[in-house]
Amino acid sequence: MTQPFEIACDESGSEGEKLIGGNTAVFAHASIRLDIESAADCIREVRNRAPSPTTEYKSGVIRRKKHLNALKWLLGPSSPLHGNAHVYLIDKTFFAISRFIDLLAEQDQDPRAMAGTLYREGGHTFGPEQWNAFLDSFNDLMRTKNGRGPGASVDSVFKRIDTLRRAAPQSRVGEIMNLLWESRPNMDSFRARPPTLNPLFPAIIQAAIYWGETGKPVSVVHDRQTLLTEERIDELKETGRLADLRLVDSRLDARIQVADLLAGAARKIAEDELTHQGDAELTALLRPYVDAFSVWGDDRSWSLLAPSGPP
């Protein structure tokens with residue numbers, strides 16, 4: 001039997017199922033293929049280039065402007081990460097809208113195209129305030145148990161949908177909102193499914209898919225996450241993509257610390273690019289690490305971040 005090879009993973013920008021109106025607009029999941037000794041050497045080199053008294057060196061340190069050269073080294077061709085690391089990016093707003101469109105699974109239309117239309121045109125058509133209020137309320141509805149929570153109920157959300165569909169009935173955005181309105185009978189069964197809003201779970205699967213292209217089974221060592229319960233880990237393993245998934249304390253595994261540095265740097269670089277504040281040099285350094293199947297809705301920033309082609 002082929003022995004699995006091990007990758008180490010960490011994330012940045014995780015806020016559970018809170019995708020709209022949170023502290024971060026981007027989720028980044030990094031996976032690295034280094035042995036513990038090489039990872040420890042990498043951490044020592046980063047410390048030498050960007051000194052800090054902190055016991056556990058975290059991504060926030062290397063993202064400081066005064067440590068920019070250390071970050072460039074970490075992402076550059078002389079770093080041990082070169083050819084041994086990968087990053088899966090998720091634009092949280094686009095990811096949320098895509099999940100909402102799942103309500104329309106029975107429609108004979110392209111769900112990705114519909115999600116893209118809402119992502120690009122929703123704010124312009126309805127105004128940012130009204131559009132963001134709708135996204136936030138729908139997000140709350142989907143992540144609040146039984147629909148009970150601040151401002152989150154089936155009635156209140158579909159009242160917003162009704163208002164929006166009537167505001168632009170002749171537009172493509174209005175047509176999609178009308179389809180959402182008509183999907184109300186599907187709501188109970190939709191919300192009864194296992195949670196799909198947390199980006200961590202598809203990110204782990206995508207890491208296994210990427211590294212599994214070698215034909216070998218993949219074992220994941222991941223930083224501790226309360227969301228990664230034994231039940232959830234079993235579900236991830238049942239997909240057939242993972243040979244194993246172990247949770248470890250990042251303080252005890254240098255590989256996790258390196259993955260944290262990469263995830264945090266990637267999240268900030270991608271988020272800056274998404275919000276028109278990007279650094280061209282850092283974006284170019286990140287690009288070779290980015291997964292081509294990242295979940296991204298903004299065409300302009302993706303053209304700069306993507307390794308090749310659309311997401």
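Trainee: Is Trp131 buried or exposed?
Mentor: This is a predicted model, where local features need pLDDT of at least 70, side-chain atom pairs count only at pLDDT 80 or more, and totals for chains, interfaces and linings use all residues. Residues are numbered from 1 along each chain as its sequence is written, and side-chain values use heavy atoms, with hydrogens and water left out. Buried means under 20% relative accessible area, exposed means over 50%, and partly exposed lies in between (1.4 Å probe, protein chains only). Trp131 has a relative accessibility of 5%, so this residue counts as buried.

Trainee: Which residues does Trp131 touch, leaving aside those up to four places away in sequence?
Mentor: Contact here means heavy atoms within 4.5 Å. With residues up to four places away in sequence not counted, Trp131 touches Ile97, Leu118, Gly122, Gly123, Phe126, Leu164 and Met177.

Trainee: How many aromatic pairs does the structure hold?
Mentor: Rings of Phe, Tyr and Trp (its six-membered ring) pair if their centres lie within 6.5 Å; planes under 30 degrees apart count as stacked, over 60 as edge-to-face and the rest as tilted. By that rule, the number of aromatic pairs in the structure is nine.

Trainee: Stacked, edge-to-face or tilted: which word fits Phe100 and Phe138?
Mentor: Their ring centres are 4.3 Å apart. Their planes meet at 10 degrees, so the pair is stacked.

Trainee: How far apart in sequence are the parts that Phe100 and Phe138 tie together?
Mentor: Helices (H or I, at least four residues) and strands (E, at least two) are DSSP runs, numbered from the N terminus. Phe100 belongs to helix α4 (residues 92-101) and Phe138 to helix α6 (residues 128-143), so their pair ties together parts whose separation in sequence is 38 residues.

Trainee: And Trp131 with Phe134: stacked, edge-to-face or tilted?
Mentor: These two rings have their centres 5.3 Å apart and their planes at 40 degrees, so the pair is tilted. Both residues lie in helix α6, three residues apart, which is about one turn of the helix. Phe134 is buried, with a relative accessible area of 1%. To come back to your question, the word for the pair is tilted.

Trainee: Which residues have the most contacts inside the largest nonpolar core?
Mentor: A nonpolar core is a set of buried Ala, Val, Leu, Ile, Met, Phe, Trp, Tyr and Cys residues joined through side-chain atoms within 4.5 Å. The largest one has 103 residues. Those with the most contacts inside that core are Ile32, Leu81, Leu89, Trp131, Phe134, Phe138 and Met177.

Trainee: Which helix gives the most to this core?
Mentor: The helix in question contributes 12 residues. That helix covers residues 254-274 and is named α12.

Trainee: In the open sheet of five strands, which strands stand at the edges?
Mentor: Two strands pair if DSSP finds at least two bridges between them. The sheet has mixed pairing and the order β3-β2-β1-β4-β5. Each edge strand has a single partner, so one side of each is left without a neighbour in the sheet; the two are β3 (85-91) and β5 (242-248).

Trainee: How many bridges join β2 and β3?
Mentor: The two strands pair in the antiparallel sense, and Ala30 stands opposite Val87 in β3. The number of bridges between β2 and β3 is seven.

Trainee: How many residues of β2 are buried?
Mentor: Val26, Ala28, Ala30 and Ile32 are buried on one side, and Phe27, His29 and Ser31 on the other. β2 is largely enclosed by the rest of the structure, because the buried count is seven of seven.
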